[in-house]
Amino acid sequence: MKLKGIVNREEILELPLSLTCGREDEISFRLSDGREVSSYINNVYLVDIWKELEDMFEDEEYKRKALKYVTIEEFEKMKEDTWEVLEKVCPKGKSYMYIDYEVTEDLQLDFYSSSFLDSKPKVRDESSTIFFRNKPEMTVGKHGLKLRGAIIQEHFEPDTISLEGELFACIERIEMKPVKLY
């Protein structure tokens, strides 16, 4: 019997922290299986996602690649749809907070602001959700570990310098292994 695949195992951490643009930090924690983990925040910074996406759509190389798969009309519709959804999740003039980090285990870290975690859940129109991914330009961080990225999935004023938040959870990708039950 061969069973292959990957599953995600999420572990809730709820570790309070202060995130400050331009400031490095180290966070240590223990997983439920006893492993000690250190995470190094290499950079915290704000990104004007509107400018990032405008630059992407104006990039001739990006457009050339996209037009291999869609018509020019579909490409223009995709841009219009992006602006419409973006206006709902991050109004023009607001920014997202990005975090570049390294971690001593093969984990993805999820960060949230305390204000978001303390607020009442909002019903969100499925059509107005965009997921952004922070992929750092470099692949290796200052501590010689894989450099990873996270985004606080809410918008901020562009002059925001710091926020109180949490390292809320970590996600580990685990290879499934067959288990003989008899």
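Biologist: How many bridges pair S3 with strand S4, and in which sense do the two run?

Modeller: Let's begin with the general idea. Strands of a sheet pair through backbone hydrogen bonds, and the pairing can be parallel or antiparallel. Keep in mind that what we have here is a predicted model. In it, S3 and strand S4 (residues 95–103) pair over eight bridges, in the antiparallel sense. You can pick out single rungs too: isoleucine 41 has tyrosine 101 in S4 as its bridge partner, and asparagine 43 has aspartate 100 in S4.

Biologist: What joins strand S2 to strand S3?

Modeller: Six bridges join strand S2 (residues 25–30) to strand S3 (residues 36–47), and these strands run antiparallel. On that pairing, look for glutamate 26, which stands opposite tyrosine 40 in S3. S2 and S3 form a hairpin, with five residues between them. If you click on the turn, you'll find glycine 34 there, with a positive phi of about 95 degrees.

Biologist: In what order do the strands of the open sheet come?

Modeller: The order is S2-S3-S4-S6, four strands with antiparallel pairing. S2 and strand S6 (148–156) are at the edges with a single partner strand each, so each has one side without a neighbour in the sheet. From one strand to the next, the twist averages 30 degrees.

Biologist: Okay, now side chains. Is isoleucine 27 buried or exposed?

Modeller: A handy rule to start with: in a regular strand the side chains alternate between the two faces of the sheet. As for isoleucine 27, its place is in strand S2, and at 9% relative accessibility it counts as buried. Leaving out residues up to four places away in sequence, isoleucine 27 touches Leu15, Leu17, Val37, Ser38, Ser39, Ile41, Phe111 and Leu167. One of those, isoleucine 41, is 14 residues from isoleucine 27 along the chain, and their C-alpha atoms are separated by 7.9 Å.

Biologist: And asparagine 42: which residues does it touch?

Modeller: Asparagine 42 lies in strand S3, and it counts as buried at 8% relative accessibility. Not counting residues up to four places away in sequence, asparagine 42 touches several residues, among them Glu24, Asp100, Tyr101, Gly141, His143 and Leu147.

Biologist: Which strands pair with S7?

Modeller: Strand S1 (residues 6–20) is joined to strand S7 (residues 162–175) by 13 bridges, and the two run antiparallel. Serine 18 stands opposite glutamate 164 in S7. S5 also pairs with S7 in the antiparallel sense, over seven bridges, and here glutamine 108 has isoleucine 171 in S7 as its bridge partner.

Biologist: Where is leucine 107 found?

Modeller: Leucine 107 is found in strand S5 (residues 107–113). It is buried, with a relative accessible area of 0%. Setting aside neighbours within four places in sequence, leucine 107 is in contact with residues including Phe29, Leu31, Val37, Tyr101, Cys170 and Ile171. For a long-range pair, try leucine 107 and glutamate 10: they are 97 residues apart in sequence and 9.5 Å apart in space, C-alpha to C-alpha.

Biologist: Let's move to helices. At what angle do the axes of helix H1 and helix H3 cross?

Modeller: Two packed helices are described by the angle and the distance between their axes. For helix H1 (residues 49–58) and helix H3 (residues 72–89), the axes cross at roughly 180 degrees and come within 12 Å. H1 and H3 are therefore roughly antiparallel to each other.

Biologist: Which residues of H1 and H3 meet?

Modeller: From H1 you have Ile49, Trp50, Leu53, Glu54 and Phe57; they meet Phe75, Met78, Lys79, Thr82, Trp83, Leu86 and Glu87 in H3. The residues of this contact of H1 with H3 divide into eight nonpolar, one polar and three charged.

Biologist: Last one, from the bench: how many disulfides does a search of the whole structure find?

Modeller: First, the chemistry: a disulfide is a covalent bond between the sulfur atoms of two cysteines. Searching the whole structure finds zero disulfides. Take cysteine 21: the closest cysteine sulfur is in cysteine 90, 14 Å from its own, and that is too far for a bond.

Biologist: And what is the relative accessible area of cysteine 21?

Modeller: Cysteine 21 has a relative accessible area of 27%, so it is partly exposed. Cysteine 170, on the other hand, counts as buried at 1% relative accessibility.

Definitions and conventions
Residues numbered from 1 in each chain as written. Predicted model: local features only at pLDDT ≥ 70, side-chain atom pairs only at ≥ 80, totals over all residues. Heavy atoms only, no water. Disulfide = S-S within 2.5 Å. Buried < 20%, exposed > 50% of the residue type's maximum accessible area, 1.4 Å probe, protein only. Axes fitted to C-alpha atoms, helices over the stretch in contact; angles between N-to-C directions. Parallel < 35°, antiparallel > 145°, perpendicular 65-115°, else oblique. Contact = heavy atoms within 4.5 Å. Nonpolar A, V, L, I, M, F, W, Y, C, P; charged D, E, K, R; others polar. Pairing = 2+ DSSP bridges.
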